[in-house]
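The following exercises concern a protein structure. Please study the sequence and the coordinates before working through each solution.

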Amino acid sequence: MAVLTSLTRFPSSSTLLSSNARHLFLLYPSSSSIIKKRFNLFSVASMSSSSPSPPPQEKITAPYGSWKSPITADIVSGASKRLGGTAVDSRGRLVWLESRPNESGRGVLVMEGEKDITPKEFAVRTLTQEYGGGAFRLSSSDDQLVFSNYKDQRLYNQHLLHNDSSPKPITPDYGAPTVTYADGVFDSRFNRYLTVREDGRQDRSNPITTIVEVNLSGGGGDTLEEPTVLVSGNDFYAFPRLDPKCERLAWIEWSHPNMPWDKAQLWVGYISEAGTIDKRVCVAGCDPQFVESPTEPKWSPRGELFFVTDRKNGFWNIHKWIESTNEVVSVYPLDGEFAKPLWVFGTNSYEIIECSEEKNIIACSYRQKGKSYLGILDDSKGSFSLLDIPLTDYDSLTLGNQCLYVEGASAVLPPSIAKVTLDQHKMKALSSEIVWSSSPDVLKYKAFFSVPDLIEFPTEVPGQNAYAYFYPPTNPLYNASMEEKPPLLVKSHGGPTAESRGSLNLNIQYWTSRGWAFVDVNYGGSTGYGREYRERLLRRWGIVDVDDCCGCAKYLVSSGKVDVKRLCISGGSAGGYTTLAALAFRDVFKAGASLYGVADLKMLKEEGHKFESRYIDNLVGEEKDFYERSPINFVDRFSCPIILFQGLEDKVVTPDQSRKIYQALKEKGLPVALVEYEGEQHGFRKAENIKYTLEQQMVFFARVVGGFQVADDINPLKIDNFDTSSDA
């Protein structure tokens, strides 16, 4: 790695440094630190105003894109810790899973009080369905912890209250990580662990998915029992959940060609004295008069089954099962989404705080037209009371002792966990404090934050609109000339069945604080807007998403907000496909960046993993559509520079995709560059790679779009068909 070239590959070990690559690595403070900042619920503004701000001074007039910013790529990559779930132990202490970029993305369980639970030789992460989630479960009664270890994908049992709390394996060693587990639950009645298993021993490309039981009494021995299959026969399973008496098991299942958000079923199985399931009832998804996708089943302490489904109104609302009549009733009908698509296991969008014969009190959040709402639902009154806390965008919830732990963010707060103390009636928030943050020191940069505007813009279909978050250039130290309009970076999110949100993302602030405008588009097909909006993309992927990204850029141009000559687009995974398709089939953008993006739809279908192997059929359609919407087949239509980034261990979008488009564009004579990372999978987890990707996008666009010089000291890689050999 002595010279950075247009085809750049980075080894997995950060010890392989050279003088030309030293800028890739950084010093990063310990990510086990935890902030505890108390917030008055009604004085969020005063909290922000106390943040350090740059001293007053005359603003510098400089071209957009050339502004110097304290939000460096080091800071962005160091703040890229991810949350993988939360739990509460028997003493009421919070436990969370965080992914640490400075440890190559290692997943570590941490207990409130800054104590790492996970030994250094372990990493908590599951590869089930490739995207994982639900990698651990903590028993709130005896503090047993079961987690999936990344390296071997085996389940381990760890007793947190014992003097010897070292993890012991409880699933067999198959010699390779071909069997994975996710989304488990403790069964105290039979001293076992019930979990989703993905078994690829016979066929890694088409593993068998089941719900199995793992014996908890024999952990640590050389010979471990083979897990016993409890539920099988369908293509996919999720959310195995036991009632309080461990007599009934609820679960979600679905089959090809559906994705879980297209059509799924909720079942309840009755557990016999022998521990088997001897009777089953389909609760939702079996009635032909409803097309629905139930998700997130949860038993109340009194044994009532709640879940979220989108029957009738097309929005994911909370429902309850009436067991005696096998009926389903809506708890609170609303044109809002109380759940997210099941991309990862273990999501927890609501918690049953209290129940009685008369009522259930449920803490929950929902999304409606690009905004999040958090509150308390009283099912007896059909009422929803909003909770006022510093966070404004919410993910999973976890019930604590007289409190609620909320994962979320806001326009000025990064992904965080807030502890919300409730009043005696469990209907109002008395106080709130941030107990974990992906970037504890982020408020010092608040003056440089661009706060997004939620915009609604017309699509190609008359009378139909789409949505986006627009971030204007923001830096208190700079002005641009009145005659100049800023360059625009359009982001096409992944999924494509996913949603962009208007919460603080330092990756975006990296651009806006340097003088770029940025827009995060929720094109047709995005979630958060109901089934009808989500299904705009069915059989029209590569058309609707592309039209909406282009339409959003043109809308901002016509509004006078951005420079029509400096429109760029970037996206990862499915967003990378939208990026490449926009560059191949439209002439709106002047440059693009694809991160592990799809170039060949047919190749994606043939090489993809089981979870998404039929997903693309519903999104694309006929065989001719696969050809006609694949950018790789229309290289002659590309007309602007492109940079590509790819992980070499990616099994979702294989490296051949990026290599194929790179080679074709190079031969065509277009400016193009490809960066490959060893040890990275689908999405980049290592701090040095996150940093390098961000910096190289910035300098790439600056060079090929023109009009400014980047203020940061970045060593640019060589661009094929752009740099001469003497420039390399």
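**Exercise 1.** State where the UniProt record places the domain feature, and describe that span in this predicted model.

*Solution.* Begin with the record: the unreviewed UniProt entry places "domain: Peptidase S9 prolyl oligopeptidase catalytic" at residues 504-706. Next, turn to the predicted model, in which this span is 44% helix and 14% strand. Finally, the C-alpha atoms at the two ends of residues 504-706 lie 28 Å apart.

**Exercise 2.** Identify the residues that touch the most other members of the largest nonpolar core, and the helix that gives the most to this core.

*Solution.* The largest nonpolar core has 117 residues. Within this core, Ile-318, Leu-488, Val-519, Trp-541 and Phe-589 touch the most other members. Helix 6, residues 574-585, gives the most to the core, with eight residues. Now take Phe-589 as an example: leaving aside residues up to four places away in sequence, Phe-589 touches residues including Val-490, Leu-567, Ile-569, Ala-582 and Cys-640. Apart from this core lies another, of 64 residues, among them Ile-361, Val-406, Ile-643 and Phe-645.

**Exercise 3.** Determine the order of the strands in the open sheet of four strands, and explain why one side of strand 16 and of strand 19 has no neighbour in the sheet.

*Solution.* The order is 16-17-18-19, with antiparallel pairing. Strand 16 (236-242) and strand 19 (277-284) are at the edges and have a single partner strand each, so one side of each lacks a neighbour in the sheet. Neighbouring strands of the sheet are turned by 25 degrees against each other on average, direction ignored.

Consider then one pair in detail. Strand 16 pairs with strand 17 (residues 248-254) over five bridges, in the antiparallel sense. Tyr-237 has Glu-253, in strand 17, as its bridge partner.

Note on methods
Residues numbered from 1 in each chain as written. Predicted model: local features only at pLDDT ≥ 70, side-chain atom pairs only at ≥ 80, totals over all residues. Heavy atoms only, no water. Core = buried A, V, L, I, M, F, W, Y, C linked by side-chain atoms within 4.5 Å. Buried < 20%, exposed > 50% of the residue type's maximum accessible area, 1.4 Å probe, protein only. Contact = heavy atoms within 4.5 Å. Pairing = 2+ DSSP bridges. Axes fitted to C-alpha atoms, helices over the stretch in contact; angles between N-to-C directions. UniProt positions renumbered as here; feature names shortened; annotations may be inferred.
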